[in-house]
Amino acid sequence: MTAMRWSVAALLIASTTALRAPAIRHVPRTLQHATLDSTVLSCGASRPKTALSNVEISEFVDTSDEWISQRTGIRSRRVLQPGESIADHAASAAQKALDRSGLDPAEVGLVIVATSTPEDLFGDAANVADQCGCKNAVAFDVTAACSGFLFALVTASQFLETGTYQSALVVGADAMSRWVDWGDRNTCILFGDGAGAVAIKKGGAGLLGFSMGSNGAGREKLALPYNGNRLPLIGGKSATVVGPRAMLMEGRSVYVFAATTVPRVLREALEDAHLTTDDVDWFLLHQANERILEAVAERIGVPKDKFIINMDENGNTSAASIPLALDFAVKSGKVKKGDVLACAGFGAGLSWGAAVFRWEGELLSE
């Protein structure tokens, strides 16, 4: 095969000593015990039926299954088809989580959808709440890209902590296939579509600890910028209308950012929870690239087999990746009631976050 130029996937495995990550200001952090009065009861997931394999991608992009899988851990991803709605997948995932939770839809007070690629630019959460019969819930979207689900989970838990609401649905859903350049092998090999959700209620084991952060100085390292075309109006005045746009990603910088920031935020969340890595049954990270997970495992001194990984069949689904992987791990019998999970999201913004919680759901047979 003709020698391939450097691409994002190749850069993700480069030695971090030779790379420069976006500068992150390390401000001394006063840690407080951050247990929140909320319990994760159940989960649900929904993916498009159409799978796109590495072999199929290699038919229209200069790459190969072996090259992609060895450098990213990804072998396939799900892709929305014309007429298919990411909001409907978000509602399907939320409905499954709701059904498994035993909660009355009418008593759910809050629905948060974490997404950067909504079906409706004005937001999908109200639609999701309506489809799930949560007629009394306030619903809104959270946009924080790959950190979105973690940010939404902490936000919802804060509302439960204050007693404003007694239960909530937290959804992560993204349609990344709509925003990648399918002629750019640097990005199109990485991303997929899907939705995942959890139901939470006030009380119980609690969200044991969390930590979050962001650094806007690094925003250009991973972005989907607006691209406007000039539209003449009258008297020399004009407006701009949306033009073609696609994701931009600097692989080297993003890899170093993730490999250095995620271990730190995990330690902060565990410290908030008064726990150590030895107390954690499973590490559940945003499913961006298997090489990133390997780097994090090495830096925190934890064997890779304690990490939940299912990116091989989903790709990077942004805000959906953590709840999708949780649903996979519960269905496969890995995650059991009482297990302690340390989760971390990281990505555009730049943003990052971690949360530690005890799984209180039941084994899923379906």
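In the predicted model, leucine 233 is exposed, its relative accessible area being 54%. This leucine sits in the loop that runs between strand S9 (228-232) and strand S10 (238-242), and Leu233 joins Leu231, Ile234 and Val241 in a nonpolar surface patch of about 380 Å².

Empty space was examined next. Rolling a probe the size of a water molecule over the atoms shows where such space is left. The largest pocket encloses about 500 Å³, and of the 28 residues that line this pocket, Ala145, Cys146, Leu222, Ala223 and Ala348 are the closest to its centre. Two or more lining residues are given by strand S8 (222-223) and by strand S13 (340-347). By class, the lining of the largest pocket comprises 19 nonpolar residues, eight polar residues and one charged residue.

The search of the whole structure for cavities of 30 Å³ or more returns one, and the volume of the largest cavity is about 30 Å³. Its lining is formed by Val40, Phe149, Leu153, Val198, Leu284, Ile322, Leu326 and Phe357, with helix H6 (148-162) and helix H10 (321-331) each supplying at least two of the lining residues. The lining of the largest cavity holds eight nonpolar residues, with no polar and no charged ones.

Several buried positions can be placed within the elements of the chain. In helix H3 (residues 65-72), the buried residues are Trp67, Ile68, Ser69 and Thr72, and this helix is followed by glycine 73, which has a positive phi near 85°. Glycine 209, located in strand S7 (residues 193-214), has a relative accessibility of 0% and therefore counts as buried; its C-alpha atom is separated by 7.5 Å from that of leucine 36, although the two residues are 173 residues apart along the chain. Leucine 190, in the loop between strand S6 (167-175) and S7, is likewise buried at a relative accessible area of 3%, since the limit for burial is under 20%. The C-alpha atoms of leucine 190 and valine 180 lie 9.4 Å apart, with their positions 10 residues apart in sequence.

Side chains of opposite charge can pair when their charged atoms come close. The structure holds 13 salt bridges, among them that between arginine 47 and glutamate 313, in which the closest N and O atoms are 3.4 Å apart. Because arginine 47 belongs to the loop between strand S1 (36-46) and strand S2 (51-53) while glutamate 313 belongs to helix H9 (residues 311-314), this pair ties together parts that are 266 residues apart in sequence. Arginine 47 is partly exposed at 26% relative accessibility, as is glutamate 313 with a relative accessible area of 35%.

A salt bridge also forms between glutamate 250 and lysine 221, with 3.2 Å between the closest N and O atoms. Glutamate 250 lies in the loop between strand S11 (248-249) and helix H7 (251-272), and lysine 221 in the loop between S7 and S8, so that parts 29 residues apart in sequence are tied together. Both residues are partly exposed, glutamate 250 at 37% and lysine 221 at 23%.

Within helix H10, lysine 331 and aspartate 327 are four residues apart and are therefore separated by about one helical turn; their side chains meet in a salt bridge of 3.2 Å, N to O. Lysine 331 is partly exposed, with a relative accessible area of 33%, whereas aspartate 327 is buried at 4%. Finally, Glu290, Arg291, Glu294 and Lys304 are linked in a network of salt bridges.

Conventions. Residues are numbered from 1 along each chain as its sequence is written. This is a predicted model: local features need pLDDT of at least 70, side-chain atom pairs count only at pLDDT 80 or more; totals for chains, interfaces and linings use all residues. Side-chain values use heavy atoms; hydrogens and water are left out. On a 1 Å grid over the protein atoms alone, a cavity is a set of points where a 1.4 Å probe fits but cannot get out, and a pocket is an open set with protein on both sides within 12 Å along at least five of seven lines; lining residues have an atom within 4 Å of a point. Grid points are joined across faces, edges and corners, and a volume is the space filled by probe spheres set on the points. Ala, Val, Leu, Ile, Met, Phe, Trp, Tyr, Cys and Pro count as nonpolar, Asp, Glu, Lys and Arg as charged, and the others, Gly among them, as polar. Patches are made of residues with over 30% relative accessible area and no salt bridge: like charges are joined within 9 Å, nonpolar side chains (Val, Leu, Ile, Met, Phe, Trp, Tyr) within 5 Å. Accessible areas come from the Shrake-Rupley method with a 1.4 Å probe; for residues, only the protein chains shown count as cover. A salt bridge is a side-chain nitrogen of Lys or Arg within 4 Å of a carboxyl oxygen of Asp or Glu. Buried means under 20% relative accessible area, exposed over 50%, partly exposed in between (1.4 Å probe, protein chains only).
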